[in-house]
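Work through the exercises below with the structure open beside you. Each task is followed by a solution that goes step by step.

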Amino acid sequence: MNTFLEKLATIQSNFEKELCELLGRMEKCEKRGAENTKKLERLHENVEKVNTELSKYYSEQEEKIPYVFDAPDRNRYFSGRTRELRDLQRILNLDNAGREGKVCVAAVCGLGGVGKTSLVTEYAHRMKEYYQGGVYWFSAEDDTFFEKSVNETAWNLGALLGTFYLTLRETVTRIGQTSKPCLIVLDCLDQLDLSPHVMNFLTLVSRQSFSAAVVVMTRRNENKLVDEISNLRKDRCFSLKCLDKEEAKQFIFYRTELTRDDNTNSVAESLVKELGGLPLALEQAGACIKALRCSLSEYLEQFQTERLKLLESQKAKPVSVYESPERLAVHTTWLLNIRYIQESRHGMPAIRLMNAFAFLNPSEIEEELVNVGERPIEDQEFRDRVSSPLGCRQVVKLLTDFSLFTCVQALSVSTHRLVQELVRENLDPEEKAKSFVDAVRLLSFAFSKCASPKHLLGNVGMEERLKAYDLRGNHSQYYLWSKLCFHGFHLQQNVEKLLANLDRKCLDSLFVFETAKVFYECVVHLSANQKQEEAKRTLNFVYRILDWIPVEQYDTIQNNLSNNSLFSFHVIPLPKWLQIVIKKCFVPPMCSLQPLEQKPTESPDLEGDIDKLKLEGNKNFSEGLYKEAVDAYSAAIDMSRGTTVFNSLLLTNRASAYIKLNQLDDALKDANEYISRFPECWKGYARKALALDEKVSAGIPAALAYYYFYLKDGRCIFSQYKPFIAAFAGLKERISICHTPNDLLAILLSQESNTQECLRVIILGSKEYILEMDMFLPVVPMKNCIIIGAKSNASITLKLEGNTLLHLSENCMLANLSFAIDEGQIIGLGGSLVKILNCNFTSNSDTLAAVGTTGEFNAERCNFTNCKAGGLLCGGPGNMVVDDCTFSANVRFGLEVRENGILTVRNSRMYNNGWDGLGIGPRVAQCDVFDCQIYNNAREGVAAVDDSKCVTLVRNCVFENYESGIFVRNSKVDLRENKFYDNEAWGIWLDSYYRWNVSMNETFRNKLGGVRIGGKRRTGEELSPSVVELNTSHDNFGPGYVDSLHSIDDYLLFPTTSGDCKSAKYDQNVEYNNEERITGKLCSSCCSACFRKFKDLKLCGKCFTAGYCDLNCQKRHWSKHKKLCVVLREKSSFLLSSLKHNFQDDMVLRAYIHTISVDGVGPKYSPPPPRDGKRFIVKVQLDFDRTISMIGGTPYTLLIYDRSLDVLQTIQADFIRRLVKDFGVLCERKFREKKLFLHCAFDKTGELRLFINDFADFQKW
């Protein structure tokens, strides 16, 4: 029994212990639950704060989108169309579209002159307040004009300009960034076949999740249009008819300003019936009546007489060319207006100008085109009239008074395409030829007076190229030139029609020397816009025109061709850098961009109301009612922002109230805005200092507040401004103001007592400081110190002359300064912590990067430009963070990390650098790159090489680099959510045995292909497989994905064996529309003698440029052509005068040919090529320099060989390299080699001449 009781007691004791433990656990769980509840509450608070900040951020982002209103000017005589405007609004379904955030596509169809543009323009102006997301107007007349309007819109929106595909995507994306409704108009969609660019545009717009109404205006049939545009519904189309009787009469009286009574109403009704209610005819009739001040009955009588004449003349024409009643009405009103212009003073010069303008772009004819012509037009009256500004205005006014043209800007005019057609139709063949030549001469004169990029053509070194990128404030220098080129494109279109319709006599007078000059400008424009095939075809057409020019002009042609004043020697295709520079200067001159919100109307009492609110805020602040003070200040700011009575002190007052409420981010925003308005006033800096949490960062604006307060009245802010006394205790004693370089050096050389806790603050207020140390002791030490430029725009310059070095040790900061470094360097020493903020750096050193570090380093909002040896370098064991910095126009790398360095880069830009934008390696410990733009670099965008580890790129855009977007050699990389596009080689090229991860990237429009992977690991290696998954590769000019058996090194070590290789793991990758384009025939199909078109012309056996439909034409033309034959041969060919041949090179090259396994070449496949001047085919191969150098030869750029290998040479020729790069196709190994087949011949001197105006058919050897 006792034993039992003892056991029971033990059990009870154990139970009590377990119960105590359980109770203790429950108590702990309750405590943890309470803590978790608090954490969750805090988390919810943080989430709400984040959401608030995000909403602020997106609100700010929207505010940054400029408000664009591209609609044409309102027709001040617009009337009627009430029902049509209501129908258009109903079709666009504004309420639902706005609520659902969807894209609605509608179409307005109708014949030419029915008023489609006027209707949609009126609608856009009436609905301007609703479409606060902007009104965007695009010309869809053809691809050329569509591209022009897209580029101009992109510039207005601040979107990225690049290839047209890129610009189009960026423009649509930028438009879609606003949540507010917008209107997008596609005007003149009248092409026979809808442009793929326009269709792509509509597809991109429809994919956007924003509220947009898209209106297409076209002459096309509704049913056909619905079939062609997938996202257009039949119920969203309507056909615009002519005005009804009442609307037409209303317009007539409104346009003529005549009094309406029973008599005139009856006559107006008769006139409307005659005109058919077509708005264009009514406009021309109304303009004529008003200009002549005649009555309606007088005009009606004249109209009926003229119309009968036209009908009589039509009886002799075939039925197929009879005019519709509407077109007949326009034709009649036009003829009446022409007659009255002819009878007017200055009438004949106006008619001649109008006839010439009928061959130019009707959308905008610039005032520069009203001139005497280059060679002056053979009409003394015309030349006398347009030789003065007053005479030009008189001629243009006469045309606009009779509504044949409409003023669009100052002296620029536009005209209706239907009017142009009528002008051309009423000219006889000789007059057509004469008017066309007039148009050419007017355009040639305008070209001669405007800035042109032709002066940039030719060989330019890398440094000069980089300087050419520096176009600050000069982005519009080629804008007029670009607009004039569009007139040249219109002339080209008209030439095709004239060649088909004019007789031989008229064609002989059609082509003059100026025609070739104008079309060559178009060649440069096409090449600058990366339309290389079109540029080549146009250039060959220019050569054909030279054969058609009258013989008496041949001396001028020969002189211009020989001295390169007409065509620069071998520049098409233009170098990549030149394409970029020219395109950057196409943008229109801009006024300051409008915000999305319209400016408020200023009331007479506005200033008094604002003062009352300010006083109310001041009173609340003094009483400690800070929330109420903020409300009063905010009301005053919102009421006055954008007006002439806005008081910036409201910003600092509100910032002070925000600080009291501990809303520091809001206070910082107001302080920064005040500083941007008044950068030399202490008040903004003082509030900014109080709003910053971190002491060192706050010390900078506090010191600047001290500096500007002292400059203002000589007093100390620390004793006068109470909030500073407690917040910045001891700061005053650590601030020094240096006015001279000696002051600065004295402080820097005596700062041993500085500590990391109490950094000395040096303010530089003078414009320039020059530091030059002794060449034997070149170091300027900087320790535990902050140097601040007093100007927030970094306009204070600190020059390091000679080989002066600035050593930064322990804890240092540089802010608001521009550094001009000679042969020295700024160095962050090992163990230091350095921060540079809002600084600019340039360097003239050939060996040292402008700034280097082996310690902790942070760069924010800095610019590194024009540094010869590179901008910023991180070496191990340094740890560098770069945020929101720019690296551009540096001769070598923009940004570089080496030897165990660690680099993090965020939100930065690397472009226009002479080597790679970002260089990683050798042996880098870690590199992370996020949200950067890397483009237009002369080699790779990013290069990671030689055992670099942990390289990560996320959400970057890498584009338009001269080689690959990223090249990786034997390094470990992780690429996620990046875009690689428009690069000259591959989007992604991985040549590595290391593991890599490539996921969720997009590669498109790269010249060689999307993703190229090589260097797989062989069986047995203890590494997990690489991963390539969820990527999209599309629209590349080569394969989407290439997974080769070996890396470059493998091909040299194992040229004939494949080995047992492991591949990367591929999963859910997408590829489409990746294909190589083989260039077709580029030569003109028009006979050099008789102008007729033939499919296969017989080429001149000497220049291989002139072409003939038969032998008779060639014989008949020789007496004329022989004067230009030699010059044309020089222009259309490339002489290889530097060829060298020796036995050792021959052996190396033959070994290389064997290495790449080219089949079907050698003496047994083809006899040696002729040496008597006859042409034969050679293969020109690009970029085998890495391989050839590794097998013992000299690194060359190009390899040239014929099928027999009798010609087997290597050359360096940048122009031929560009030619192969732009027009060639990938070689079999699919590395970087491209090949192109060209015709060539041996000159009498034995030198090889390549013919570059057209290419040989693609060969299979």
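A residue is called buried if its relative accessible area is under 20%, exposed if that area is over 50%, and partly exposed in between. The model used here is a predicted one.

**Exercise 1. Burial in the chain and in one helix**

Task: State what share of the chain counts as buried, and then find which residues of helix H30 are buried.

Solution: Begin with the whole chain, which has 1261 residues, 55% of them buried, and which holds 40 helices and 53 strands. Turn next to helix H30, which spans residues 682–691 and is mostly covered, since eight of its 10 residues fall in the buried class. Those residues are Trp-682, Gly-684, Tyr-685, Ala-686, Arg-687, Ala-689, Leu-690 and Ala-691. Trp-682 also belongs to a cluster of rings, in which ring pairs link Trp-682 with Tyr-706, Phe-709, Phe-718, Tyr-721, Phe-724 and Phe-728.

**Exercise 2. Two helices in contact**

Task: Describe how helices H9 and H11 cross, and sort the residues of their contact by class.

Solution: Two packed helices are described by the angle between their axes and the distance between the axes. For helix H9 (residues 245–256) and helix H11 (residues 279–292), the axes come within 8 Å and the crossing angle is roughly 35 degrees. The handedness of this crossing is right-handed. On the side of H9, the contact is made by Ala-248, Phe-251, Ile-252, Arg-255 and Thr-256, while H11 brings Leu-282, Glu-283, Gly-286, Ala-287, Ile-289 and Lys-290. Sorted by class, the contact has six nonpolar, two polar and three charged residues.

**Exercise 3. Stacked rings and charges over rings**

Task: Classify the aromatic pair of Tyr-981 and Phe-1004, then the pair of Phe-1134 and Phe-1215, and finally find which charged residues sit over the rings of Phe-486 and Phe-1242.

Solution: A pair of aromatic rings is described by the distance of the centres and the angle of the planes. The structure holds 43 aromatic pairs. In one of them, Tyr-981 and Phe-1004 have their ring centres 4.7 Å apart and their planes at 5 degrees, and the pair is stacked. Tyr-981 lies in strand E35 (residues 979–981) and Phe-1004 in strand E38 (residues 1002–1004), and the pair thus links parts of the chain that are 23 residues apart. Tyr-981 is buried, because its relative accessible area is 2%, and Phe-1004 is buried as well, because its value is 1%.

For the second pair, the centres of Phe-1134 and Phe-1215 are 6.0 Å apart and the planes meet at 25 degrees, so this pair is also stacked. Phe-1134 is in strand E47 (residues 1133–1136) and Phe-1215 is in helix H40 (residues 1214–1223), 81 residues away along the chain. Both Phe-1134 and Phe-1215 are buried.

For the last step, Lys-148 lies over the face of Phe-486, at 5.6 Å from the ring centre, and the charged end of Arg-1171 sits over the ring of Phe-1242, 4.0 Å from its centre.

**Exercise 4. Backbone exceptions in loops**

Task: Locate the cis peptide bonds before Pro-573 and Pro-922, and compare the burial of Arg-81 with that of Arg-955.

Solution: Most residues other than glycine have a negative phi, and most peptide bonds are trans. The bond from Ile-572 to Pro-573 is cis, with omega near 10 degrees, and Pro-573 is placed in the loop between helix H24 (554–562) and helix H25 (576–584). Gly-921 and Pro-922 are likewise joined by a cis bond, with omega about 10 degrees, and Pro-922 is found in the loop between strand E27 (918–920) and strand E28 (926–930).

Arg-81 has a positive phi, near 60 degrees, and is placed in the loop between helix H1 (2–64) and helix H2 (82–92). Arg-955 has a positive phi of about 60 degrees, and is found in the loop between strand E31 (951–954) and strand E32 (957–959). Arg-81 counts as buried because its relative accessible area is 3%, whereas Arg-955 counts as partly exposed because its value is 40%.

Notes. Residues are numbered from 1 along each chain as its sequence is written. This is a predicted model: local features need pLDDT of at least 70, side-chain atom pairs count only at pLDDT 80 or more; totals for chains, interfaces and linings use all residues. Side-chain values use heavy atoms; hydrogens and water are left out. Axes are lines fitted to C-alpha atoms, for helices over the stretch in contact, and angles run from 0 to 180 degrees between N-to-C directions. Helices (H or I, at least four residues) and strands (E, at least two) are DSSP runs, numbered from the N terminus. A crossing is left-handed if the near helix is turned anticlockwise from the far one by less than a right angle, and right-handed if clockwise. Contact means heavy atoms within 4.5 Å. Ala, Val, Leu, Ile, Met, Phe, Trp, Tyr, Cys and Pro count as nonpolar, Asp, Glu, Lys and Arg as charged, and the others, Gly among them, as polar. Rings of Phe, Tyr and Trp (its six-membered ring) pair if their centres lie within 6.5 Å; planes under 30 degrees apart count as stacked, over 60 as edge-to-face and the rest as tilted. Buried means under 20% relative accessible area, exposed over 50%, partly exposed in between (1.4 Å probe, protein chains only). A charge sits over a ring if NZ of Lys or CZ of Arg is within 6 Å of the ring centre and within 35 degrees of the ring normal.
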